[in-house]
Amino acid sequence: MSNTTTHIPGPTQSLPSARALKLVAFAVLAVALLIAPAVLYPVFLMKILCFALFASALNLLLGYTGLLSFGHATFFGGGAYFTAYCVKALEVGPLTGILIGVAGAAVLGLAIGVIAIRRQGIYFAMTTLALSQLAYFCFLRAPFTNAEDGIQNVPRGTLFGVIDLTDHVTMYFFVLTVFAIGMFAIWRIVTSPFGEVVKAIRENEQRAISLGYNVNRYKLSVFTVSAALAGLAGSTKALVFQIATLTDVSWQMSGEAILMALLGGLGTLTGPSVGATVIVTMQNYLAATSVPVNVVIGVVFVISVLLFRKGIVGVFQRFSKAP
Amino acid sequence: MIQEPVKEGYAVSDAPILSIRGLCKSFGGFHAVKDVDVDFQRGQIHALIGPNGAGKSTFFSLLSKFHEPTSGTISLAGQDITRTRPEKVVRMGMVRSFQISAVFPEMTVFENVRVALQRRTGRDIQFWCGLGLLDGLRDEAMYLLDRVGIADLADKRAADLSYGRKRTLEIATTLALDPKVILLDEPMAGMAVEDIGMVSALIKEISHDRTTLMVEHNLNVVEDLCDTATVLARGEIVAKGTFSEIRNDSEVRRAYIGTDYD
Ligand SMILES: Nc1ncnc2c1ncn2[C@@H]1O[C@H](COP(=O)(O)OP(=O)(O)O)[C@@H](O)[C@H]1O
Ligand SMILES: [Mg+2]
């Protein structure tokens, strides 16, 4: 090979103005999240944040890796149960409780992932659904979950022994921090060298194998991380509402996360959070009226799938990219 | 005299790089590949020809371990790979392309090649770093794209390329792995006539220090490029030898009845 340095132009970087626009949008969002509890009911905001994190965790798997899990409620609800039990019965602090919840969800994710990733496409989805139904019955029968009653009156506790989380606004900032950490983890993964390989697997699995990648290892890693993050969302939710119940591990909960991610935009960083905001808001405001919530959500979902295939965020991206 | 440097993992010898014995593959009761015995010498370009449905693509899938053989053995550079996982075979230096062009459609042309370079350079598991870690791969990726003549398309989405360009991108991606053995499944099918000469020259160039197996229907290309030709029909080898040896073989003529080559 010759050493002549013929200059080959590399790929162009994204425009500085587009970067600046992103930074401004990010700053506005950060400020909005910080002042939000002064305007809106903190518990409502915390619910949005928990579901936004849950949907984002699912999106890491579905949107970036191309694997549809129909059983993510197992990790969300599992995290909630583990945390609720540890905080209430074992009297550990909120942070320790959450860490145990995340670890438990990761172990469940690893166990279910090992079995599910051997299947492809719809068989993968069916396997996750079947295993999560199995997990549902385990949680129903387990001695520590109190069956239909769930674990109630979970104390929020004090953070580092000084910050009292019973106050809603204080709790809100704790949840916001957890959410930020979770989102940072997702962002870090999808914009990393590892994330590039994961996207390649989503794009064309056979080709990724023929480049020498052990695709099952990548899939299992992402599955486990996604489960852990779903667990993080569930654990936090258990502290916010001070309860962990069978609803959290039900298949409807898995479906809700898929719906949020799809509605907001798969494979986008902010999409699932937008979807979660829309759906939680509708559930909250429609619950007080006589309108059938599920029907409205169903209609909104069908319209969004028909009109914008890449979700709400996909539409914005298209407009912002247009010259 | 200066010796050619020994490539890692390969003993220098005249032994065939690929040695296949009694290879069979059946789908249900259907025998797609039947009792194939063949050796391929290193450093040459070998053609695999035969009518549609002869089992050529299946044969490639068996070699690259995308399919498990029903029976028989495959050895690559003296190592038995009959039970080796497909990504391991790639790491041993044998890389396949697909009959249906295989690119990562939503990634750019540049990213397609870069992701192929990532594993070889050990930058494939860092989930805690930014993409800046991959900056060092830029020059090599651009060099490879330039080599196949699509450096100017580096920023395009792979999905937006023409069919011929996708195939050249696939070759660039394959080259990124620096394979010892390349399996090309109909690399020129569906290409515009003016691209065929270009790709043909490219294959000749990249095969210089490697072994190439290619499925090709265009017998002029085969005659021009390939050192040997193996003819497959109904899953069986019906002839093998140099192109001039097999061109008048009656079995070959029978296998190719209905095609326009004379
Ligand atoms: N996965 C499969 N399942 C069942 N039959 C297959 C499969 N793959 C290939 N075949 C059959 O095997 C035969 C050989 O196919 P193929 O290897 O693609 O032929 P070629 O590449 O020579 O045109 C065809 O009859 C095809 O229908
Ligand atoms: Mg074929």
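## Sheets, helices and contacts in a two-chain model

Strands E6(B) and E7(B), the latter covering residues 181-185 of chain B, run parallel and are joined by three bridges. One of the matched pairs here is B:Met94 with B:Val181 of E7(B). Two strands count as paired when DSSP finds at least two bridges between them. Helices (H or I, at least four residues) and strands (E, at least two) are DSSP runs, numbered from the N terminus.

Before going on, a word about the model. It is predicted, so local features need pLDDT of at least 70 and side-chain atom pairs count only at pLDDT 80 or more, while totals for chains, interfaces and linings use all residues. Residues are numbered from 1 along each chain as its sequence is written, and chains are lettered from A and ligands numbered from 1 in the order in which they are written.

**Two sheets in chain B**

E6(B) and E7(B) belong to an open sheet of six strands, with mixed pairing and the order E6-E7-E8-E3-E9-E10. Its edges are E6 (94-96) and E10 (236-241) of chain B, each of which pairs on one side only. From one strand to the next, the twist averages 15°. Helix H1(B), residues 56-63, packs on this sheet and touches E3 (45-49), E6, E7, E8 (211-215) and E9 (228-233) of chain B, with its direction at about 150° to that of E7(B). For such angles, axes are lines fitted to C-alpha atoms, for helices over the stretch in contact, and the angles run from 0 to 180 degrees between N-to-C directions. Contact between two residues means that their C-beta atoms, placed from the backbone, lie within 7 Å.

At the E10 end of the order, E9(B) and E10(B) pair in the antiparallel sense over five bridges. B:Val231 stands opposite B:Ala239 of E10(B). The two strands make a hairpin with two residues between them, and B:Arg234 in the turn has a positive phi of about 50°.

There's another open sheet in chain B, with four strands in the order E2-E1-E4-E5 and antiparallel pairing. E2 (30-40) and E5 (79-80) of chain B are its edges; each has a single partner strand, so one side of each is left without a neighbour in the sheet. H1(B) packs on this sheet too, touching E1, E2 and E4 of chain B, and its direction makes about 65° with that of E2(B).

**Around the ligand**

Which helix gives the most to the shell around ligand 1? That's H1(B), with three residues. The residues around the ligand include B:Gly53, B:Lys56, B:Ser57 and B:Thr58; to be near, a residue must have its C-beta atom, placed from the backbone, within 6 Å. By class, the shell divides into three nonpolar, six polar and one charged residue. Here Ala, Val, Leu, Ile, Met, Phe, Trp, Tyr, Cys and Pro count as nonpolar, Asp, Glu, Lys and Arg as charged, and the others, Gly among them, as polar.

**Domains and the other chain**

Chain B is split into domain 1 (18-103 + 165-255) and domain 2 (105-160), with bounds from an automatic or database domain assignment. Their C-alpha centres lie 26 Å apart. The contact takes 13 residues from domain 1 and 15 residues from domain 2 of chain B. On the domain 1 side, the largest share, nine residues, comes from H5(B).

Then there's chain A: 25 of its residues are in contact with 40 residues of chain B. H6 (168-190), H7 (193-203) and H8 (205-210) of chain A each give two or more residues to its side, and H7(A) has the largest share, eight residues.

H7(A) turns up again beside H3(B). How many of the 12 residues of H3(B), 109-120, are buried? The count is 11, and those buried residues pack against H7 of chain A together with H4 (138-147) and H5 of chain B. Buried means 20 or more other C-beta atoms within 10 Å of the residue's own, exposed means 12 or fewer, and partly exposed is in between, with C-beta atoms placed from the backbone. Just after H3(B), B:Gly122 takes a positive phi of about 65°.

**Two non-glycine residues with positive phi**

| Residue | Phi | Place | C-beta count and class |
|---|---|---|---|
| A:Gln242 | about 55° | loop between H9 (215-241) and H10 (251-264) of chain A | 17 others within 10 Å, partly exposed |
| B:Asp35 | about 45° | strand E2 of chain B | 14 others within 10 Å, partly exposed |
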